[in-house]
Amino acid sequence: MSKLANVDHYQVTEDDVKRTVNTEVLVVGAGNAGMMAAAAAAEKHADVMVIEKEASINLMRVGLGGVGTNAQKRAGLTINKYDLVEYLAAFAQHNVDEGLIYHWANHSAEAVNWVEDNILKPNGAHLRSEPDAMVTSSAYQGFPTENDPTIDDKTFTSYGKWFQEKVDSMGVNLQFNTALVKLLTSNNQVTGAIVKDLAKDEYVQVNATKGVILCTGGYSANKDLLKQWNPLALKKNVFNDSPRNNGAGITSALNVGALKDEEPAECIFDRGLVPIGTKTDDMYVQTATYQDWLWLGSHPLLKLNMRGERFANESVPYQFIVNAASKQPGYLYSMIWDDNFDEYAKQFHMLGCARVGFPGYMASAQKLREDTEQYVKKGLVVKADTIEELAEKLHLPVENVKQSVAHNNQQVVNNFDKDFGKEPFRLTPIDKKPYYGCILGGRILCTFDGLRVNKQMEVLNDQYDPIGHLYAAGNDSGGFFFGSYPDRVPGLAASHAQTFGRLAGQQAAAN
Ligand SMILES: Cc1cc2nc3c(=O)[nH]c(=O)nc-3n(C[C@H](O)[C@H](O)[C@H](O)COP(=O)(O)OP(=O)(O)OC[C@H]3O[C@@H](n4cnc5c(N)ncnc54)[C@H](O)[C@@H]3O)c2cc1C
């Protein structure tokens, strides 16, 4: 992983520049927003250059959200846009620009269909909609927004390689190992950027006559920015799963007068396995490889705080249990379950990537068991034949854990969770040996608080006027999320990035 904290490089000036290149549209970051922006601008016949600081494009996400996509039409599925947008705005307590959410809902199908028609179909793949997202409780209200790339309707297919071939064929100039350093302006308009060729260790000036589109994916890998903008995220999370995203796009725009969201927003998964005895302050592991990622962690099994007491309904969106644990001592929590877990996992009817079976990643309950057992070998999941022994292995107060488990089992007999109201079909006993347990913490997938943009994806200044020729999309752009990620709208993050990337590319090309 190359290191470039662009915030340290503002002192670089035109005098340090070794060479100059010219383009019309400069896209910064070859991820979900950037690749879409590049393709859209090239489609409109602009000269496009993409710079990417790593040696490859980022993972193009499977599971694309959308409203009224062709895949949904084929499945006979309709989503009420007004219900969906109101749900999203309410989820954010309206700390969002609601017009932007409508803009996404109005344009998401166009972006998803473009991917299907131009990237998937020419390579023998298509999208399959995930139809059964409406489930169970008010906290668990889901929308069937997800469209999954597949060839055989049984597994996901990745499509990044095809996407790269497509933009190559469109004449896009894709430069790897090249990082944004700072934006250049003249008369209140962005004219290009100084970038660093990391292979040659030299600065290059890129003149971009139609505009610069920032798509560097937020700042979850930058501990200093997290400390400044979202300090609680450092306490809630023990892993960061997007190590490429160091905040360069956002900081470079702030440096030319851009406005940023004032409150944090982030996406957290509840699957981070913590070595027993570790304190959350001691752990912030950067990984792109699902290291120590327990798929079972998202299932609504019994979760206890570090005092061995149950503290929340476990049947909630992924991030909520991590949020709830941040109000408990130590910010971490434990999960305790029994040997019937693969059967329970099937009955839980989870959504998205927590689901057992396609379109989840755990193709079968057996896979979920294998995933779990590998962490027993690593010592991150412990097993015992008694609850006492399990609690001791987890360094939890034995009596409290015994009481919590006994109480859980009684609630199963009563078929009623009188403490937190978990749905009866997600209330499961802990009575078949061996018993299992682990300590869990959050994994931040990305940050969402970003640069304020209008519907043209133009970055705004502190007067809420556009900064000329500067655009942002994906997690560099804000106004769309607040607080936690609404994961009951599956594929929203990827679709927000791809849809707004496409709009930004079209807009910049039209200058
Ligand atoms: C493990 C994981 C699982 C996820 N699952 C889902 C899911 O199921 N559904 C969903 O909707 N979303 C999911 N997301 C979130 C989704 O992937 C992101 O919201 C989306 O990728 C954001 O797109 P982006 O273009 O803003 O950023 P990215 O796709 O992260 O792209 C940013 C690119 O910019 C590059 N870059 C950074 N700094 C510079 C610089 N200075 N110069 C040049 N290039 C730079 C980076 O290297 C990177 O390639 C997941 C994320 C993770 C990490």
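## Close-up views of a predicted model

**View 1. Four elements of the predicted model each contribute at least two residues to the shell around the ligand.** These elements are helix α1, strand β7 (178–186), strand β16 (435–447) and helix α14 (492–509). Helix α14 gives the largest share, with 4 residues. In total, 38 residues surround the ligand, and the closest are Gly-29, Gly-31, Gly-217, Ala-248 and Gly-474. Sorted by class, the shell consists of 16 nonpolar, 16 polar and 6 charged residues.

**View 2. Helix α1 packs against helix α14.** Two packed helices are described by the angle between their axes and the distance between the axes. For α1 and α14 the angle is about 35°, and the axes are 7 Å apart. The crossing of these two helices is right-handed. On the α1 side, the residues in contact include Asn-32, Ala-33, Gly-34 and Met-36. On the α14 side, the partners include Ala-494, Ala-497, Gln-498, Phe-500 and Arg-502. The residues of this contact comprise 13 nonpolar, 6 polar and 1 charged. Both α1 and α14 also supply residues to the ligand shell shown in View 1.

**View 3. Helix α1 also meets helix α5.** The axes of α1 (residues 32–43) and α5 (residues 160–169) come within 10 Å and cross at roughly 30°. That angle makes α1 roughly parallel to α5. The crossing of this pair is left-handed, whereas α1 passes α14 in a right-handed crossing. From α1, the residues Met-35, Ala-38, Ala-39 and Ala-42 take part in the contact, and they meet Phe-163, Lys-166 and Val-167 of α5. By class, the contact of α1 with α5 contains 6 nonpolar residues, no polar residue and 1 charged residue.

**View 4. Helix α4 crosses helix α14.** The axes of α4 (residues 98–120) and α14 come within 9 Å, at a crossing angle of roughly 90°. The two helices are therefore roughly perpendicular to each other. Helix α4 contributes Trp-104, His-107, Ser-108, Ala-111, Val-112, Trp-114 and Val-115 to the contact, and these meet Ser-495, His-496, Gln-498, Thr-499, Arg-502 and Leu-503 in α14. The residues of this contact divide into 6 nonpolar, 6 polar and 1 charged. Gln-498 and Arg-502 of α14 also appear in the contact with α1.

**View 5. Two loops contain backbone features of interest, at His-45 and at Pro-434.** Most residues other than glycine have a negative phi, and most peptide bonds are trans. His-45 is not a glycine, yet its phi is positive, at about 70°. This residue is located in the loop between α1 and β2 (48–51). Lys-433 and Pro-434 are joined by a cis peptide bond, with omega about -5°. Pro-434 belongs to the loop between α13 (398–414) and β16, and β16 is one of the elements that supply the ligand shell.

**View 6. Residues 1–8 have a pLDDT under 50.** For the chain, the mean pLDDT is 94, and 97% of the residues reach 70 or more. Over residues 1–8, however, pLDDT stays under 50, and the model has 16 contacts beyond four places in sequence for this stretch. Where pLDDT is low, the predicted coordinates should not be read in detail.

Definitions and conventions:
Residues numbered from 1 in each chain as written. Predicted model: local features only at pLDDT ≥ 70, side-chain atom pairs only at ≥ 80, totals over all residues. Axes fitted to C-alpha atoms, helices over the stretch in contact; angles between N-to-C directions. Parallel < 35°, antiparallel > 145°, perpendicular 65-115°, else oblique. Left-handed = near helix turned anticlockwise from the far one by under 90°. Contact = placed C-beta atoms within 7 Å. Nonpolar A, V, L, I, M, F, W, Y, C, P; charged D, E, K, R; others polar. Near = placed C-beta within 6 Å. pLDDT = per-residue confidence, 0-100.
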